[in-house]
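Reader: Hi! Could you walk me through this one? I'd like to begin with the ligand site.

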Amino acid sequence: QYDRAWWKEAVVYQIYPRSFNDSNGDGVGDIPGIVEKLDYLEELGVDVIWLNPVYESPGVDNGYDIADYRSINERYGTMADWEELLAGLHERGMRLIMDLVVNHTSDEHEWFQRSRSSTDSEYRDYYIWREGRSLEEAGVSAAEFDPADYHLPRGVYELPPNDWESFFGGSAWTYDEETGEWYLHLFDEKQPDLNWQNEAVRETIYEMMEWWLQKGIDGFRMDVINLISKPEGLPNGEDSDAIVRGADQFVNGPNVHDYVAEMHDRVISNYDAMTVGEMAEVSVEEAKKFNEDGMSMVFNFDHLRLDFGPEGDRWSRGEWTVDGLRETLTEWQEGLEGDGWNSLHFNNHDEPRMVSRFGDDEEYRRESAKLLATLLLTLKGTPFMYQGEEIGMQNYPFESLTEVRDVDTLNNVRVARQRGRLESEEEILDLVQYRSRDNARTPMQWHDDEHAGFTDGDPWMPVNPNYTEVNVAAARRDEESVRRYYRHLLSVRDEHDVFVYGDYVLHPTDHDRVWAYSRVAPDAELFVVLNFSSAATTYVPPANVVGEAELLVGNYDNPIGRINDTLDMRPWEARVYLLD
Ligand code: ISL
């Protein structure tokens, strides 16, 4: 009846190892710490663990700067620890997907060390090296030019090969004194981009992927995978509204589908593996092409840009609306129906906490966290939870920039200051509090002892001061906890195929706070209604759902076993009915 796949039926739980559980008191989470929590994960009812990078790395971007793809960072444990983790998950019927970061490596990777050593190195072409431009060539006057913008050594007076910008702020090129050329890095200067045009690069990556799959992993989350193909000649950016300058050239570049399809044919297709491609920016049409290339699903971020400032600027603040959220997610739900598959996510290690962003993290923290859980687990697609979401963890109340560790935040703040874009220190702090990736990276809150039970030492990131109230132990004692609600939703989801395979059907409404939809399968139908507001309201459901129904899930007591022609919705109320 359905085009079934295990990864369509699965719920993924993302673990950011640095911040999950520290077993040896060095203040940094580790793999044995995750092993200690395997029963916790099983009890929660999730099916797949996605582990952020745990490979050898100098750690400027917390592991997204990999120095050796085939080894485990000592900080996190040993390969034997990792094997124990994999075995422990498999014993419990769970699976493991690993982070694949192959747009770039660390500059401390041996390939880059060799590549930078000489223009004749056999590794030179593993990365993207070019000569700089003279001011004349670039059409820049001497008055406009500030060598400090490019960290140029004394006596070097030239511009980078093109005008592309890094996602972490500033030019995407760094001048290297060894050979007097520049290398490309779409992220930090310690994350040089690999040259995917070079067949040797592709081959060695495929071998590495094969090696992990042979060890028994169940798939990959592919970091910024739609940035791997850069256009011939590396032309300047043309679109001044692009997410960063040059993005119109290197996002979904000319050969990206060839590479992804090749990767699938050569490696993935030999396994029963799932893949999710993280996309810096992607349209529904483009996503379908990735599905055709063999990718199980992509992460898109359209709904996580609704609160960006004017011109889509991440480092300024705009307001999201329920209309916008509903419209954006509906476009993806409808767009991929039949010939594609969605991923679903409202937070991860790069994003603020969802309850602080889309909910009410004060009076209605629990209710709104449950409403967002309901949305995550009743839209069509594979849901991705992020650690701490199940207890309703919130953004961190940063009081000063000295509490920030994240390279992305720090670099972007520095560049914004240089360019006079952020006016006052107050404005900066405000934005950091709202937007910084570190909001998601504070330690997991296990109980109300010191450091929330995350570590016996000094945590690498401060613990959110609300840990005395918001923690797993407290959630266990509480009948109404967010965690209990997730467990219930996850188990109900397992019992009814319609959660996975039913079509999404929007119920159009003028209501600016309510979102209602059905999930329709040949033999079952769900009706979902969500009140995104700290105020009570009434909603008139469509006539065709009114009548006898079973309330499968709800975040308030609700004895009524039918859908009336008017629904009185309490603050942040969420209900899921199974129609009779
Ligand atoms: O953080 C961002 C905004 O949410 C993005 O600019 C982010 O850098 C982009 O989504 C890519 O993220 C991924 O690759 C980065 C790494 O820093 C992120 O942690 C990772 O998820 C570079 O590897």
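Reader: How far is an oxygen atom of the ligand from an N or O atom in the side chain of R221?

Author: Happy to help! Keep in mind that this is a predicted model. The distance from a ligand oxygen to an N or O atom in the R221 side chain is 2.9 Å.

Reader: Nice. And what's the distance for the side chain of E278, and for D350?

Author: For E278, an N or O atom of the side chain lies 3.1 Å from an oxygen of the ligand. With D350, the corresponding side-chain distance to a ligand oxygen is 2.5 Å.

Reader: How much of the ligand's accessible area does the protein cover?

Author: On its own the ligand has 500 Å² of accessible area, and the protein covers 94% of that.

Reader: Which residues are the closest to the ligand?

Author: D61, H104, D223, H349 and D350 are the closest, out of 15 residues that surround the ligand. Sorted by class, this shell has nine charged, four nonpolar and two polar residues.

Reader: Which pocket is the space taken by the ligand?

Author: That space is the largest pocket.

Reader: Switching topic: how many cavities of 30 Å³ or more are there?

Author: The structure has five of them. The largest cavity has a volume of about 60 Å³, and its lining includes N300, H303, W332 and F346.

Reader: Last one, what does the domain assignment give for the chain?

Author: Domain 1 is assigned to 9-103 + 199-484, domain 2 to 110-184 and domain 3 to 501-579. Taken over C-alpha atoms, the centres of domain 2 and domain 3 are 56 Å apart.

Key
Residues are numbered from 1 along each chain as its sequence is written. This is a predicted model: local features need pLDDT of at least 70, side-chain atom pairs count only at pLDDT 80 or more; totals for chains, interfaces and linings use all residues. Side-chain values use heavy atoms; hydrogens and water are left out. A residue is near a molecule or strand if one of its heavy atoms lies within 4 Å of it. A polar contact is a pair of N or O atoms within 3.5 Å; within protein, one must be able to donate a hydrogen and the other to accept it, and residues adjacent in sequence count only if both atoms are side-chain atoms. Accessible areas come from the Shrake-Rupley method with a 1.4 Å probe; for residues, only the protein chains shown count as cover. On a 1 Å grid over the protein atoms alone, a cavity is a set of points where a 1.4 Å probe fits but cannot get out, and a pocket is an open set with protein on both sides within 12 Å along at least five of seven lines; lining residues have an atom within 4 Å of a point. A molecule sits in a cavity or pocket if more than half of its atoms lie within 2 Å of its grid points. Ala, Val, Leu, Ile, Met, Phe, Trp, Tyr, Cys and Pro count as nonpolar, Asp, Glu, Lys and Arg as charged, and the others, Gly among them, as polar. Domain bounds come from an automatic or database domain assignment. Grid points are joined across faces, edges and corners, and a volume is the space filled by probe spheres set on the points.
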